[in-house]
Amino acid sequence: MTRKIINAILGLASVDQAFCQDLLENPLQTVQSRNFELTPEEQEVFKQVSARDLYEFSQKLLALLNAKEKK
């Protein structure tokens, strides 16, 4: 996933409350329903993210993605 796609997902969540709520409840299904293409590794990251709000979600998402990139 490029940073451009991450920014698009997080940007959409910041302006679309319904998308944001869905993203917090079921991240992988939500991004796939909007046709954001994810690699299998990225799909695993989205399955792992659990957060109460968009800020926490974005912090956890970026931390997990950065950890994957370092492997």
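The legends below describe views of a predicted model.

**Figure 1. The whole protein, built from five helices and zero strands.** From the N terminus on, the order of elements is α-α-α-α-α. The radius of gyration is 11 Å, close to the 11 Å that the globule rule gives for 71 residues, so the protein is as compact as a globular protein of that length. Along the principal axes, the C-alpha trace spans about 35 × 25 × 20 Å. Of the 71 residues, 34% count as buried. The protein exposes about 4600 Å², and carbon and sulfur atoms supply 49% of that area. Taking contacts between residues at least 6 apart in sequence, 42% join residues at least 24 apart.

**Figure 2. Helix α1 and its buried side.** The 13 residues of α1 should span 18 Å at 1.5 Å a residue, and the end C-alpha atoms are 18 Å apart, which agrees. Buried in this helix are Ile6, Ile9, Leu10 and Ala13. These residues cover an arc of only 90 degrees around the axis, which puts them on the same side of α1. An α-helix has 3.6 residues a turn, so residues three or four places apart point the same way. Lys4, Asn7 and Val15 lie on the other side of α1, where they are exposed. The cover over the buried residues of α1 includes α2, α3, α4 and α5.

**Figure 3. Helix α5 and the helices it packs against.** Helix α5 takes in residues 54-70, 17 residues in total. From first C-alpha to last it reaches 24 Å, close to the 24 Å expected at 1.5 Å a residue. Its buried residues are Glu56, Phe57, Ser58, Leu61 and Leu65. They pack against four helices: α1 (3-15), α2 (17-25), α3 (27-33) and α4 (40-48). Helix α5 is in turn among the elements that cover the buried residues of α1.

**Figure 4. The N-terminal end of α5, with Asp53 as its cap.** A side-chain oxygen of Asp53 lies 3.2 Å from the backbone nitrogen of Tyr55. The backbone oxygen of Tyr55 also has a polar partner: a polar atom of the Ser58 side chain lies 2.8 Å from it. Tyr55 therefore appears in both pairs, through its backbone nitrogen in the pair with Asp53 and through its backbone oxygen in the pair with Ser58. Ser58 is itself a residue of helix α5. Its relative accessibility is 12%, so Ser58 counts as buried, the cut-off being under 20%.

**Figure 5. Glu56, a buried residue in helix α5.** Glu56 is found in α5, where Phe57 and Ser58 are also buried. Glu56 counts as buried because its relative accessibility is 16%, and buried means under 20%. Leaving aside neighbours within four places in sequence, Glu56 is in contact with Ser50 and Ala51.

**Figure 6. Asn35, in the loop between α3 and α4.** Asn35 has a phi near 65 degrees, a positive value in a residue other than glycine. Most residues other than glycine have a negative phi. The relative accessible area of Asn35 is 66%, so this residue is exposed, the cut-off being over 50%.

Technical notes. Residues are numbered from 1 along each chain as its sequence is written. This is a predicted model: local features need pLDDT of at least 70, side-chain atom pairs count only at pLDDT 80 or more; totals for chains, interfaces and linings use all residues. Side-chain values use heavy atoms; hydrogens and water are left out. Helices (H or I, at least four residues) and strands (E, at least two) are DSSP runs, numbered from the N terminus. The expected span of a helix is 1.5 Å times one less than its number of residues. Buried means under 20% relative accessible area, exposed over 50%, partly exposed in between (1.4 Å probe, protein chains only). Contact means heavy atoms within 4.5 Å. A polar contact is a pair of N or O atoms within 3.5 Å; within protein, one must be able to donate a hydrogen and the other to accept it, and residues adjacent in sequence count only if both atoms are side-chain atoms. The arc is that of the directions from the helix axis to the C-beta atoms. The radius of gyration is taken over C-alpha atoms; the globule rule is 2.2 Å times the number of residues to the power 0.38. Accessible areas come from the Shrake-Rupley method with a 1.4 Å probe; for residues, only the protein chains shown count as cover.
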